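Here are a few short exercises to work through with the model open beside you. Try each task first, then follow the solution step by step.

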Amino acid sequence: MGGRGFAGTRAGQGFLAAGAAAVLLGGCGGGDATAAALDKGQVASVLPDAKAVPGWRNYVKPDAQKPVPGYPPSVCVARTKAQRKTACDPVTSWGASAFVRKADATTLNFWTLAYEDEKTAEAAYDVLAEWYGGDRVGVGAEQVDLGGTGAEREANRAAVGTMGGPATIAQIRVGTTVLGVSTGTQSRSAVADKEVKAFAAMFAERAQQAQNGEKPSATVPGS
């Protein structure tokens, strides 16, 4: 899937924006040193909380759940039944957390999809990147450089997203997890690419910490 950065999607962002979905030191989180499967509690711990994202109000607390058979996670969207079988059916746990910036009601959303092994997560990433990538975040979307965050990554930004203003969507794979980050606003003030990169890097580091058997503690600068 090209450069493997993360992109924005209308479906995923719309869901999380409604409340449904640190720049890493020395390049941490760039690989899969340990690719352990995460349980529901660990998935919840990976999701950023208020301490991890200073300056934003957490209005959807980090929470995770196991999928209900026949009802894939809301943030798992694919083009075909076969692709849903690849990306959504194997999900072992998933969760989301969401924030808002008081100054202009800009939203910031995070979601995690966990899989039993790295091979399954990699196949799911390809399916989800196909759905969320390109200009799905908005017409004329442009790629956002996430550097070396995660094992695979893709991100895109559009001048007009689901909330009427600038929006981004990013997807990152870290070991056995596929992570999503989206931003949206009704104002004209976009979340800067460097901030999106910092959010993605922090999120990837938290996923790697959990897979290392540690308690996720990564935060963005300023915390």
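A polar contact is a pair of N or O atoms within 3.5 Å; within protein, one must be able to donate a hydrogen and the other to accept it. Keep in mind throughout that this is a predicted model.

**Exercise 1. Find the backbone oxygen that the side chain of Asn-58 reaches, and describe the surroundings of this residue.**

Step 1. Start by locating the residue: Asn-58 belongs to strand β1.

Step 2. Look for polar partners. The side chain of Asn-58 reaches the backbone oxygen of Val-60 at 2.8 Å. A polar atom of that side chain also lies 2.9 Å from the backbone oxygen of Ala-98. Both distances fit within the 3.5 Å cut-off.

Step 3. Now list the contacts. Leaving aside residues up to four places away in sequence, Asn-58 touches Ala-50, Ala-98 and Phe-99.

Step 4. Check the accessibility. The relative accessible area of Asn-58 is 10%, and buried means under 20%, so Asn-58 counts as buried.

**Exercise 2. Search the whole structure for disulfides and describe what you find.**

Step 1. The search turns up one disulfide. It joins Cys-76 to Cys-88, with an S to S distance of 2.1 Å.

Step 2. Place the two cysteines. Cys-76 sits in the loop between β1 (57–65) and α3 (81–87), and Cys-88 in the loop between α3 and β2 (93–101), so the bond ties together parts that are 12 residues apart in sequence.

Step 3. Work out the handedness. The torsion about the S-S bond of Cys-76 and Cys-88 is about -95°, so this disulfide is left-handed.

Step 4. Are the two cysteines buried or exposed? Both Cys-76 and Cys-88 are buried.

**Exercise 3. Describe helix α4 and its two ends.**

Step 1. Helix α4 covers residues 118–132, which is 15 residues. From first C-alpha to last it reaches 20 Å, close to the 21 Å expected at 1.5 Å a residue.

Step 2. Look at the N-terminal end. Asp-117 caps it, with a side-chain oxygen 3.4 Å from the backbone nitrogen of Lys-119.

Step 3. Go to the other end. Gly-134 follows α4 and has a positive phi, near 60°.

Step 4. Pick out the buried residues of α4; among them are Ala-121, Tyr-125, Leu-128 and Trp-131.

**Exercise 4. Find a residue that has a positive phi although it is not a glycine.**

Step 1. The residue is Ala-105, with a phi of about 60°.

Step 2. Ala-105 lies in the loop between β2 and β3 (106–114).

Step 3. With a relative accessible area of 40%, Ala-105 is partly exposed.

**Exercise 5. Summarise the chain and decide where to read it with care.**

Step 1. Count the elements: there are five helices and seven strands. From the N terminus on, they run α-α-β-α-β-β-α-β-β-β-β-α.

Step 2. Consider burial and surface. Of the 223 residues, 52% count as buried. The chain exposes about 9200 Å², and carbon and sulfur atoms supply 52% of that area.

Step 3. Turn to confidence. The mean pLDDT of the chain is 84, and 84% of its residues reach 70 or more. Among the elements, helix α2 (residues 40–46) has the highest mean, 98, and helix α1 (residues 10–17) the lowest, 38.

Step 4. Mark the weak stretch: pLDDT stays under 50 over residues 1–32. Where pLDDT is low, the predicted coordinates should not be read in detail.

Technical notes. Residues are numbered from 1 along each chain as its sequence is written. This is a predicted model: local features need pLDDT of at least 70, side-chain atom pairs count only at pLDDT 80 or more; totals for chains, interfaces and linings use all residues. Side-chain values use heavy atoms; hydrogens and water are left out. A disulfide is a pair of cysteine sulfur atoms within 2.5 Å. Helices (H or I, at least four residues) and strands (E, at least two) are DSSP runs, numbered from the N terminus. Buried means under 20% relative accessible area, exposed over 50%, partly exposed in between (1.4 Å probe, protein chains only). Accessible areas come from the Shrake-Rupley method with a 1.4 Å probe; for residues, only the protein chains shown count as cover. The expected span of a helix is 1.5 Å times one less than its number of residues. pLDDT is the predictor's confidence in each residue, from 0 to 100. Contact means heavy atoms within 4.5 Å.
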